[in-house]
Amino acid sequence: MSEDTGDSNRKMLVKLIVIAVMMFGFGYALIPVYKHICEVLGINVLTQRDGSVDLSKNTQVDTSRSITIELDSNVQGTLRFRPTQSSITVHPGEMATVVYEVVNSLPRTVQAQAIPSYAPHSVTPHFKKMECFCFKQQTLQANEARQMPVVFYIDPAVPKEVKTVTLSYTFFEIAGLEKTASN
């Protein structure tokens with residue numbers, strides 16, 4: 001390799017290193033510059049300038065009335081099943097979470113399912129569950145205890161005379177699965 005080619009390669013290497021360092025520096029400096037520009041222009045700002053956060057109210061919630069949700073449980077078989085609280089008071093449109101607990105005290109795995117029911121029956125179309133253990137079968141291992149949440153809201157269109165709703169679940173072991181599994 002000639003001396004001119006070696007000098008040329010060294011100069012090119014230095015130029016490439018300088019360019020790489022400048023690109024890294026530009027990328028590193030871009031984050032605070034972007035944050036500052038957004039803050040000055042008032043876009044993409046998560047907090048107000050005084051540091052307090054403006055929490056928007058859910059306008060779907062009817063705070064003028066309250067409904068008491070009584071929680072009930074029934075079980076078919078040897079499982080233990082109960083709500084962790086007996087009742088909760090909510091406003092129509094307000095999200096709420098209740099928890100049910102199930103215990104499999106058997107020395108074997110159990111497949112089970114929960115079926116909900118509501119009283120009065122007229123509230124059924126207004127009871128909106130977002131998350132519920134009743135949506136699918138539950139597999140409980142031997143001697144397992146599990147807490148299972150129900151996230152729901154009562155539609156504000158619920159009749160005004162409804163003051164109390166009973167949410168009841170019947171939890172039962174699914175028959176026949178053990179026999180088909182052993183065949």
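**Two sheets and a shared core**

Hi everyone, let's start with a sheet. Four strands form an open sheet in the order E2-E4-E8-E6, and their pairing is antiparallel. Which strands stand at the edges of this sheet? They are E2 and strand E6, residues 127–132, and each has a single partner strand, so one side of each is left without a neighbour in the sheet. From one strand to the next, the twist averages 25°.

Before I go on, please keep in mind that this is a predicted model.

Let me zoom in on one pair in that sheet. E2 pairs with strand E4, residues 96–103, in the antiparallel sense, and four bridges join them. If you want a place to look, find Phe81, which stands opposite Val102 in E4.

Now let's step back to the chain as a whole. It has two helices and nine strands. Where do the helices fall along the sequence? The pattern reads α-β-β-β-β-β-β-β-β-β-α, with a helix at each end of it.

That brings us to the other sheet I'd like to show you. It is an open sheet of five strands, ordered E3-E1-E9-E5-E7, and here the pairing is mixed. Its edge strands are E3 and strand E7, residues 138–140, and each of them pairs on one side only. The twist in this sheet averages 30° from one strand to the next. Inside it, E1 and E9 run parallel and are joined by nine bridges. One spot to find there is Asn74, whose bridge partner in E9 is Thr170.

Next, the interior. The largest nonpolar core has 32 residues, and those with the most contacts inside it are Ile69, Tyr100, Phe133, Tyr169 and Phe171. Which strands each supply at least two residues of this core? The list is E1, strand E3 (87–90), E4, strand E5 (110–119), E6, strand E8 (145–154) and strand E9 (164–173).

Take Phe133 as an example. Leaving aside neighbours within four places in sequence, Phe133 is in contact with Phe81, Tyr100, Ala114, Gln138, Met148, Pro149, Val150, Tyr169 and Phe171. You'll recognise Phe81 from the E2 and E4 pair, where it stands opposite Val102.

My other favourite residue is Leu79. It is found in the loop between strand E1 (67–76) and strand E2 (80–83). Is Leu79 buried or exposed? Leu79 is buried, because its relative accessible area is 4%, and the cut-off for buried is under 20%. Not counting residues up to four places away in sequence, Leu79 touches Val102, Val103, Asn104, Val110, Ala112, Leu140 and Phe171. Leu79 and Ser105 are 26 residues apart in sequence, yet their C-alpha atoms are 6.7 Å apart in space.

Contacts between distant parts of the sequence show up in the totals too. Among contacts in the chain with a separation of 6 or more, 71% are between residues 24 or more positions apart.

A quick word on cysteines. Cys132 is buried, with a relative accessible area of 7%, and Cys134 is buried as well, at 10%. How many disulfides does the structure hold? The count is zero.

Finally, the surface. Of the 183 residues in the chain, 28% are buried. The accessible surface comes to about 12,500 Å², and carbon and sulfur atoms account for 58% of it.

Thanks for listening, everyone!

How values were computed. Residues are numbered from 1 along each chain as its sequence is written. This is a predicted model: local features need pLDDT of at least 70, side-chain atom pairs count only at pLDDT 80 or more; totals for chains, interfaces and linings use all residues. Side-chain values use heavy atoms; hydrogens and water are left out. A disulfide is a pair of cysteine sulfur atoms within 2.5 Å. Buried means under 20% relative accessible area, exposed over 50%, partly exposed in between (1.4 Å probe, protein chains only). Contact means heavy atoms within 4.5 Å. Two strands pair if DSSP finds at least two bridges between them. Axes are lines fitted to C-alpha atoms, for helices over the stretch in contact, and angles run from 0 to 180 degrees between N-to-C directions. A nonpolar core is a set of buried Ala, Val, Leu, Ile, Met, Phe, Trp, Tyr and Cys residues joined through side-chain atoms within 4.5 Å. Accessible areas come from the Shrake-Rupley method with a 1.4 Å probe; for residues, only the protein chains shown count as cover.
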